[in-house]
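Have the sequence and the 3D view open while you read. We'll stop at a handful of residues and look at what surrounds each one.

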Amino acid sequence: MEHDKGPTHVVLTCMDYRHMDDLVCALRARIGEDKYDHLILPGAAAALAEVSLQTDFPSWVPAFWSQVQVAKKLHGATIREIWLVDHLECGAYLQALGVDAAKEVDAHLRCLRLAKQAVEEGCRARGIGWTVACKIMQPVVGSDSKKWSLCDLELT
C-alpha cells in the first residue's frame with residue numbers, strides 16, 4: 001500500500017535494546033506509523049557531538065550524513081524535521097565517555113546542544129531546510145516493568 005505523503009521525520013536514536021519498544025510506540029503516537037526514517041548510532045547525540053566518540057569511531061558522522069542524504073533523496077519533499085533522541089542510563093555515556101551517573105543528565109544536555117548545532121550547520125551546508133529537535137527517553141518513575149517515556153527538551 002502506497003502512503004499518501006511519505007515520512008515527515010528523520011529520527012536518530014541510540015542502539016540500546018532496553019528502550020526500543022517504548023521508543024517505537026512513542027514515535028508512532030507522536031509522528032505516526034511509518035512516518036519516520038530511523039537512524040541508529042550508539043550514543044545518538046554523543047556520536048555527533050564533538051566528544052571522544054568521534055575520535056574512537058570516525059566513520060559515524062559520515063555515516064549519519066550519508067543516511068540523511070538518502071532520506072533527502074527518497075523522501076525530501078515530505079520530511080520536515082530531524083529528531084535527536086538520547087536516553088538515560090546510556091552505556092555510551094556511562095562507559096565509553098566515562099560520565100559519572102550523577103552527571104549523566106548534564107552530559108546529555110551538553111551533547112544534545114553540540115549535536116543540534118552540528119546538525120543544523122550540516123543541514124544548511126547541504127541545502128536541507130529541516131528543523132532539528134532534541135528529545136530524551138527516560139525511565140518512568142515507579143514503573144515495575146521499566147517502562148520508558150519520550151520527553152521533549154528545550155535547549156537554550
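What follows is a short tour of some side chains, some rings and a few backbone angles.

First, some ground rules. This is a predicted model, so local features need pLDDT of at least 70 and side-chain atom pairs count only at pLDDT 80 or more, while totals for chains, interfaces and linings use all residues. Residues are numbered from 1 along each chain as its sequence is written, and side-chain values use heavy atoms, with hydrogens and water left out.

**His9 and its surroundings**

Let's start with His9, which lies in strand E1 (residues 9–13). Helices (H or I, at least four residues) and strands (E, at least two) are DSSP runs, numbered from the N terminus. His9 has a relative accessible area of 3%, so it is buried. Buried means under 20% relative accessible area, exposed means over 50%, and partly exposed is in between (1.4 Å probe, protein chains only).

The side chain of His9 makes polar contacts with two other side chains: Thr8 at 2.7 Å and Glu81 at 3.3 Å. A polar contact is a pair of N or O atoms within 3.5 Å; within protein, one must be able to donate a hydrogen and the other to accept it, and residues adjacent in sequence count only if both atoms are side-chain atoms. Leaving aside neighbours within four places in sequence, His9 is in contact (heavy atoms within 4.5 Å) with several residues, including Ile31, Tyr36, Ile79 and Trp83.

**Rings that pair up**

How many aromatic pairs does a search of the whole structure find? It finds two. Here they are side by side:

| Pair | Ring centres apart | Angle of planes | Type |
|---|---|---|---|
| Phe57 and Trp60 | 4.2 Å | 5° | stacked |
| Phe64 and Trp65 | 5.0 Å | 80° | edge-to-face |

Rings of Phe, Tyr and Trp (its six-membered ring) pair if their centres lie within 6.5 Å; planes under 30 degrees apart count as stacked, over 60 as edge-to-face and the rest as tilted. Phe57 counts as partly exposed at 36% relative accessibility, whereas Trp60, at 15%, counts as buried. Phe64 and Trp65 are buried too.

Some rings also have a charge over them, meaning NZ of Lys or CZ of Arg is within 6 Å of the ring centre and within 35 degrees of the ring normal. Arg126 lies over the face of Trp65, 3.9 Å from the ring centre. Over the ring of Trp83 sits the charged end of Lys135, 4.3 Å from the centre.

**Two residues of helix H6**

Now find helix H6 (residues 104–125), which holds Glu104. Glu104 is buried yet has no salt bridge, and the nearest side chain of opposite charge, Arg18, is 7.3 Å away. A salt bridge is a side-chain nitrogen of Lys or Arg within 4 Å of a carboxyl oxygen of Asp or Glu. The side chain of Glu104 does make a polar contact with that of His108, at 2.8 Å.

Leu109 is in H6 as well, and it is partly exposed, with a relative accessible area of 22%. Not counting neighbours within four places in sequence, Leu109 is in contact with Leu153 and Leu155.

**Positive phi angles**

Last stop: the loops. Asp34, between helix H1 (20–30) and strand E2 (36–40), has a positive phi near 60° without being a glycine. Ala44, in the loop between E2 and helix H2 (45–48), isn't a glycine either, and its phi is about 45°. Asp34 counts as partly exposed at 44% relative accessibility, while Ala44 is buried at 1%.

Terms used. Lys and Arg count as positive and Asp and Glu as negative; His and the chain ends are not counted.
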